[in-house]
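Q: I am new to this structure and would like a careful, close look at a single part of it, followed by an account of what else helps to place that part. Please explain each technical term when it comes up.

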Amino acid sequence: MRKRTRICSLLMAMLLGIGVLGGCGSEPAEGSGTPESTKASVPDAGQPEGNGPDISKEVELTMYLIGDRPVDNDEVFEKINARLKEEINATINVKFMSWGEYEEKYPLIFASGEEWDIIYTADWCFYNGQATKQGFWEITQEALDTYAPMTAATIYPEAWEQAKVNGQVFMLPMNYKEITSYVYMVRGDLMEKYDIKSVSSLDEAEAYMDAIVANEPTLIPLDVGSDYDKLFVFDRMWEKANWESEEKVAGIGTWQAMGSVSELDDNAEVKGNYDQALFQGVIERLKDWKDRGFWSKNAVVNTQNNTESFLAGRSAMALCNANTAKSIYSQMSTEHPEWKVQVFDAQDGAPPVLNSYLANGMSIFSKSKNPERALMALDYLRNDVEINNLFCYGIEGKHWEAAGDNALVSLPDSANYAYDGNCNWGVRNDANWRVLEGGIPNLEELNAVWKENARSRRYQTFVFNDADVKNEIATITEIFNSDYKLLGLGFTDDPAGDIAKLKSKMTTAGADKVYAEMQKQAQEFLKANEN
Amino acid sequence: MKKRSHPFLRDLKENRTKWLMILPAAVVVILMCYIPMAGIVLAFKEFNYHGGIFGSPWVGFKNFEYFFQSGKAWTTTRNTILYNIAFLGVNTFLQITCAILLSELGGKYFKRITQSVMFLPYFISWVVVGAFIYNMFNYEFGAVNSFLRSVGMKPLDVYSNKAAWPVILIVVSAFKNVGYGTVMYLASIVNIDGEMFEAADLDGATMWQKIKYITLPCIRPTVVILFLMAIGTVMKGDFQMFWQVTGNNPMVLEVTDVIDTYVTRSMLNLQEFGMTSAAGLYQSGLSFVLVLIANHAVKKVEPDYALF
């Protein structure tokens with residue numbers, strides 16, 4: 001009996017050993033020997049037939065987009081694929097990851113071993129992180145010239161420069177100048193009821209929300225707090241305060257690092273936001289707003305963003321960027337005409353940001369089986385008028401029809417393929433762009449003001465390389481997602497005390513080291529860019 | 001192989017049915033536990049997608065620095081251990097109490113129904129429990145607060161109250177797990193030889209005396225084994241429960257963050273596979289040590305019941 005148990009355990013130990021060895025032994029074969037070889041991914045231009053690249057083998061490319069699959073997506077891509085098949089002997093199969101899960105799913109598909117080729121990316125959507133982890137295929141100048149000649153000829157040189165991470169390009173940024181500005185979407189019926197004339201500044205928004213709190217107990221005035229919009233109100237107040245101040249403080253580097261710098265300071269001294277003079281005033285106002293019930297006392301566990309709540313009729317106001325407002329305005333006015341939704345400028349004097357080109361772009365997976373063909377496909381998606389229009393607006397005559405050379409009108413079927421709504425932002429191209437006519441009635445006016453005021457920030461294109469301070473950044477990110485988020489939503493009983501607490505936590509986490517490193521890189525950035 | 005084969009092979013032949021019976025379990029354990037264990041190397045690497053798990057460069061113990069530098073190692077370890085000890089104590093106590101009560105109660109149908117109703121929560125997903133808790137304690141529209149308002153009392157702000165969460169978590173853990181354990185203890189009470197109770201009745205023992213001198217000593221082996229199995233998971237927070245019930249609420253993280261939720265959250269926020277694996281490995285290491293210690297202790301007191 002005893003002996004048998006011993007044999008048993010021996011066997012288990014043996015199996016265990018084999019298991020571990022097996023695990024160690026079999027996998028490296030796949031990825032071994034090439035940890036450094038991405039750098040060598042210069043395209044092999046050796047086998048072009050005649051004068052173009054070899055496209056004799058038919059391939060199906062898989063492209064990941066963020067969002068939900070539009071109803072008519074397959075129909076649109078059938079048409080795109082027909083063209084692509086003819087031009088480059090390739091077709092595209094589109095996969096989607098929804099907004100609710102993209103933060104989790106995005107990094108995972110890189111690690112999962114799944115086969116895919118093209119993905120949407122952006123500076124706010126994992127571009128730097130995945131590029132430094134060798135998640136993307138490097139797009140060299142030679143590759144661009146060989147496989148994407150149309151792009152090579154039309155890409156804005158500054159866009160190409162911005163896309164560089166440690167000197168290498170991993171993304172084709174959009175070829176489109178975009179402004180990000182924020183708007184309030186407000187219930188017109190409630191404005192009339194409580195005699196509110198306009199909601200286009202923080203003070204007016206405050207008055208409106210006061211009226212809601214006092215008279216509409218079933219509505220939350222502004223249902224912020226999800227991961228997506230937890231800092232929206234803070235941002236509005238913070239930007240306004242800084243813009244009106246002497247120093248013109250602006251954010252720098254990864255936003256989780258909470259660093260900011262005075263744009264007038266050529267020495268680029270980086271400080272934590274909590275160390276800036278105006279921070280406490282902003283937090284006090286947020287606390288006041290929270291205490292008055294402008295957002296839920298459970299805001300920190302919100303999982304829905306404020307536009308969703310507004311759409312569902314649970315809140316009286318939404319704060320979002322103009323693009324989001326554009327895409328939901330028509331839906332709201334058809335579903336709830338009685339709400340008389342109105343859109344107001346939420347910039348409140350602070351200039352809107354002229355986006356970096358990296359705000360949208362497309363990249364190729366480093367383990368793609370056909371990176372060259374993927375690049376060729378991207379070339380057509382960006383530059384071929386027919387394909388680009390199909391992707392951006394859907395089928396002409398079904399989803400939209402032209403209105404002059406640079407505009408279009410949406411047709412009723414666009415409910416199944418919304419204008420500029422299928423995560424096509426990475427291939428937006430000024431050369432092929434058409435603006436949407438109709439929609440928000442005062443959009444023209446708003447746009448005119450924004451265009452006039454828009455500016456790019458001094459450190460807009462500055463990219464912080466965190467290689468030397470990774471551990472610190474990791475800890476700081478944790479603080480950003482807890483303590484800083486709480487302050488940003490006004491959850492504090494003692495603003496001065498909690499700011500001091502945040503500061504001491506940040507110091508322990510090594511913030512000084514991070515900011516010193518950031519300052520060093522910012523100085524290099526200024527030297528390289530402004531002389 | 002012809003005449004004197006190896007004793008192990010002979011055993012394999014003689015007891016092939018038994019070997020066949022443990023085969024599925026062994027295969028599952030090897031596939032699901034031992035082979036993935038090779039991924040531990042990730043804790044010592046700076047992960048990149050191109051190299052994958054085995055091809056990425058080594059960085060030694062750098063990944064561990066982050067976990068300890070963040071100051072979270074201590075809070076999360078403390079929370080994990082304290083919560084699990086509380087769950088273990090409270091749940092075991094309630095489970096044994098309920099089992100004894102049920103066994104003493106008459107009425108076959110009443111007993112069956114009670115048992116099933118208690119067992120039911122075990123099958124409810126934590127996601128549902130989390131939504132349930134939110135709808136109860138939500139400040140504006142929660143059931144509890146609506147009730148308090150309607151009787152003219154001040155509503156409770158549960159989601160920013162740190163003291164409330166340990167209680168809530170212990171209660172929901174009991175809500176979900178007591179029924180399951182009760183059935184296990186009930187089974188072992190039913191197995192106690194009825195003659196002992198009859199003899200005790202003849203000697204004039206009261207119900208309390210019977211429980212104290214017969215029932216409790218007889219179910220001791222079950223208690224010890226269940227306890228030992230639970231010790232192995234003391235370092236492992238019930239991830240689903242902490243994640244879903246607290247809604248990952250930053251206001252109360254200090255008292256609700258356990259190693260598992262911390263690892264998941266950092267993974268989602270940072271996409272640093274190496275750092276999070278390091279935290280995971282730290283947890284497994286501690287778990288392993290705890291099991292060894294607990295087993296050793298049991299061996300001293302009750303050598304027959306030790307696991308190994």
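Which residues are linked with A:Arg292 in a network of salt bridges?

A: The network links A:Arg292 with A:Asp203, A:Glu206, A:Asp210, A:Arg285 and A:Asp288, where a salt bridge is a side-chain nitrogen of Lys or Arg within 4 Å of a carboxyl oxygen of Asp or Glu. The model is predicted, so that local features need pLDDT of at least 70 and side-chain atom pairs count only at pLDDT 80 or more, while totals for chains, interfaces and linings use all residues. Residues are numbered from 1 along each chain as its sequence is written, chains are lettered from A and ligands numbered from 1 in the order in which they are written, and side-chain values use heavy atoms, with hydrogens and water left out.

Side chains of opposite charge can pair when their charged atoms come close. Within the network, the side chain of A:Arg292 meets that of A:Glu206 in a salt bridge of 2.8 Å, N to O. This pair links distant parts of the chain, 86 residues apart, with A:Arg292 in the loop between helix 12 (279-291) and helix 13 (306-311) of chain A, and A:Glu206 in helix 10 (residues 202-215) of chain A; helices here are DSSP runs of H or I with at least four residues, strands are runs of E with at least two, and both are numbered from the N terminus. A:Glu206 counts as buried at 15% relative accessibility, whereas A:Arg292 is partly exposed, with a relative accessible area of 25%. For these words the cut-offs are under 20% relative accessible area for buried, over 50% for exposed and partly exposed in between, with a 1.4 Å probe and protein chains only.

A:Arg292 also forms a salt bridge with A:Asp210, at 2.5 Å, N to O. Because A:Arg292 lies in the loop between helix 12 and helix 13 of chain A and A:Asp210 in helix 10 of chain A, the pair ties together parts that are 82 residues apart in sequence. A:Asp210 is itself partly exposed, its relative accessible area being 30%.

To set the network in context, there are 42 salt bridges over all chains of the structure. Another of them joins A:Arg69 to A:Asp74, with the closest N and O atoms 2.8 Å apart; here A:Arg69 counts as partly exposed at 42% relative accessibility, and A:Asp74 is partly exposed with a relative accessible area of 46%.

Salt bridges also occur between the chains, where the count between chain A and chain B is 3. In one salt bridge the side chain of B:Arg265 meets that of A:Glu478 at 2.4 Å, N to O. On the side of chain A that touches chain B, the elements giving two or more residues are helix 1 (2-26), helix 2 (28-31), helix 4 (102-111) and helix 18 (470-488) of chain A, and helix 18 gives the largest share, 11 residues. Overall, 51 residues of chain A are in contact with 45 residues of chain B, contact meaning heavy atoms within 4.5 Å. The area buried between chain A and chain B, which is the accessible area (1.4 Å probe) that two parts lose on being put together, summed over both, is about 4500 Å², and carbon and sulfur atoms give 64% of it. In chain A, the residues that lose the most area to chain B are A:Lys133, A:Asn471 and A:Glu478, together 15% of what that side buries.

Away from the charged pairs, helix 16 (residues 385-393) of chain A has 7 of its 9 residues buried, so it is largely enclosed by the rest of the structure. Its buried residues include A:Leu390, A:Phe391 and A:Cys392, and what covers the buried residues of this helix includes helix 3 (73-88) and helix 15 (371-383) of chain A. Just after helix 16 of chain A comes A:Gly394, whose phi is positive, near 95 degrees.
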